[in-house]
Amino acid sequence: MRTESNGQAHGTARRRRGETGLRARQWRASLCAVAVTGLTLLASACGSQGSPAQSAPASDKATMVSISLTPQGCAPRPAKITAGPVQFNVANTGADAVSEAELRTSDLSKILGEQENLTPGLSGGFSLDLQPGTYTINCPGATRQHWNLTVTGKAAGPGWQSDPQLAAAVTSYSGYIDQNTAELVSHTRTFCGAIDAGDMSRAEILYPKARIYYERIEPVAEIWGSLDTDIDGRWENPVTVASQFIGFHKLEELLWQDHTLSGAPKLCAGLVASEQQLLTLVRAAQYNPLEMASGATDLINEAATAKISGEEERYSSTDFPVFQANVDGAMEVVSLLQPYLEHKDPALLSQITTRNAAITSLLATYQAVPGYDDTGFVEYSTVLDPQRRQLSAAVNALAESLSGLSVQVSG
């Protein structure tokens, strides 16, 4: 979602989500059917000037690229297209071990867009505005995972800088991401200080307080896929090798499930180092309005899937604080775009505001009695399925509204 100084690309990448049991599978199946797919784009690549890719609403003028997920791979058809709007249509035609397709930079370092969670028989897609260059279609689990996509033609520069309201929003958003990433590093250091001191009780209090800063900026962090996994990867989601399970959720497992701090100081040191690397990367990157809009949708979809299912914080049951952080991150985008939306589409702005208020009202019912829970909320494990469905309906309504942001800022 954010780009380095010598190039830009746009959208919202989602990290791979695994399932952690029957309930998680049921919730994901029901929620993903109505949640709006987020996109992610990012940094310089392809050796061209300007942005290699930009998230874009589907268009009648878009070039169609079909990707069939098979056990053998995910060859794009056609494999050579012209620059401009592209609609990627992805279908799983019988690959049990392959469930997603990613568009990556040619060096595989960054995810530009993806469709995930496609079991055999399901289909989906994503839309991007691609600049000339060479890209890679990646499908983890296939016999051949990497397939080339060549984009020809002339590069087109973005035009949003000429709008002072959009330009101001992008500048403010950059500061918001930088600030929250710096706070992430700071609060993680405090959390790790408790671990280093052997204070498990204090570490459990500080854990969700550090997590919220990551959850506010998650679409940006996910641009650097391996870094996101090091910080926020969950066991079997996507981590399947024990030695690579090293971030927040491994520490969560140690604290709440294993009730031990053995090995935790070393894990903490690695976590802080990864976050410092992330801070360096985001400070050197650039944004645009489409990235902001699609990132807001992605955050709400994140809340609709991993948070409501209870999948995200499976050991600690501290899902509510990170749920709130996802909503906060999305609504920060709306707040920054508000001056533009007030004249561009006031009805959409009003609808988003109303639906966010509904979520705020629901979350208030789960606030903890003072002194009961330092997160400010009750444990998520106490929330019953009917209540989760109520949360789901409110979140999906907001996601539907937020999906309209990309159309407005692309104009």
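Reply: Let's start with a definition: two strands count as paired if DSSP finds at least two bridges between them. Keep in mind too that this is a predicted model.

Me: Okay. In which sense do strand 3 and strand 6 pair, and over how many bridges?

Reply: The general idea is that strands of a sheet pair through backbone hydrogen bonds, either parallel or antiparallel. Here, strand 3 (residues 63-69) and strand 6 (residues 84-92) take the parallel option, over 7 bridges. To find the pairing on screen, look for Ser 68, whose bridge partner in strand 6 is Ala 91.

Me: And in which sense do strand 3 and strand 4 pair?

Reply: Antiparallel, over 2 bridges, with strand 4 being residues 76-77. The link between strand 3 and strand 4 is a hairpin running through 6 residues. Ser 66 is the residue to click on, as its bridge partner in strand 4 is Arg 77.

Me: What kind of peptide bond joins Arg 77 and Pro 78?

Reply: The background first: most residues other than glycine have a negative phi, and most peptide bonds are trans. The bond between Arg 77 and Pro 78 is cis, with omega at about 0°. Pro 78 itself belongs to the loop between strand 4 and strand 5.

Me: You brought up phi as well. Where is His 259, and what is its phi?

Reply: His 259 is in the loop between helix 6 (248-258) and helix 7. It isn't a glycine, yet it has a positive phi of about 55°. Ser 317 is another non-glycine with a positive phi, near 60°, and its loop runs between helix 8 and helix 9.

Me: Are these two buried or exposed?

Reply: One of each. His 259 has 55% relative accessibility, so it counts as exposed. Ser 317 has a relative accessible area of 12%, so it is buried.

Me: Back to strands. In what order do the strands of the open sheet run?

Reply: There are 5 strands in the order 5-11-10-7-8, with mixed pairing. Strand 5 (80-82) and strand 8 (111-115) are at the edges; each has a single partner strand, so one side of each has no neighbour in the sheet. On average, neighbouring strands in this sheet are turned by 25° against each other, direction ignored.

Me: How many bridges hold the pairing of strand 10 and strand 11?

Reply: Strand 10 (residues 133-138) and strand 11 (residues 146-152) pair over 6 bridges, antiparallel. One pair to look at is Thr 136 with Asn 148, its bridge partner in strand 11.

Me: What does Thr 150 touch?

Reply: Thr 150 is in strand 11. In a regular strand the side chains alternate between the two faces of the sheet. At 29% relative accessibility, Thr 150 counts as partly exposed. Leaving aside neighbours within four places in sequence, its contacts are Ala 79, Lys 80, Ile 81 and Gly 133. The C-alpha of Ser 106, 44 residues away along the chain, is 9.9 Å from that of Thr 150.

Me: Now helices. Which residues of helix 7 are buried?

Reply: An α-helix has 3.6 residues a turn, so residues three or four places apart point the same way. In helix 7, the buried residues include Ala 264, Leu 267, Cys 268, Leu 271, Val 272, Glu 275, Leu 278 and Leu 279. Helix 7 (residues 264-283) has 20 residues and spans 29 Å from its first C-alpha to its last, close to the expected 28 Å.

Me: How do helix 8 and helix 11 lie against each other?

Reply: Crossing angles over 145 degrees count as roughly antiparallel. The axes of helix 8 (residues 289-307) and helix 11 (residues 385-410) come within 8 Å and cross at roughly 170°, so the two helices are roughly antiparallel. Among the residues making the contact are Leu 290 and Ile 300 of helix 8 and Leu 398 and Leu 402 of helix 11. The contact residues come to 13 nonpolar, 7 polar and no charged.

Me: One last residue: what does Asn 326 touch?

Reply: Asn 326 lies in helix 9 (residues 319-344). With 0% relative accessibility, it counts as buried. Setting aside residues up to four places away in sequence, Asn 326 touches Glu 215, Glu 218, Leu 299, Ile 300, Glu 302, Ala 303 and Lys 307.

Me: And what share of the chain is buried?

Reply: Buried residues make up 56% of the 411 residues. The chain comes to 11 helices and 14 strands.

Technical notes:
Residues numbered from 1 in each chain as written. Predicted model: local features only at pLDDT ≥ 70, side-chain atom pairs only at ≥ 80, totals over all residues. Heavy atoms only, no water. Helix = DSSP H or I, 4+ residues; strand = E, 2+ residues; numbered from the N terminus. Axes fitted to C-alpha atoms, helices over the stretch in contact; angles between N-to-C directions. Parallel < 35°, antiparallel > 145°, perpendicular 65-115°, else oblique. Contact = heavy atoms within 4.5 Å. Nonpolar A, V, L, I, M, F, W, Y, C, P; charged D, E, K, R; others polar. Expected span 1.5 Å × (residues − 1). Buried < 20%, exposed > 50% of the residue type's maximum accessible area, 1.4 Å probe, protein only.
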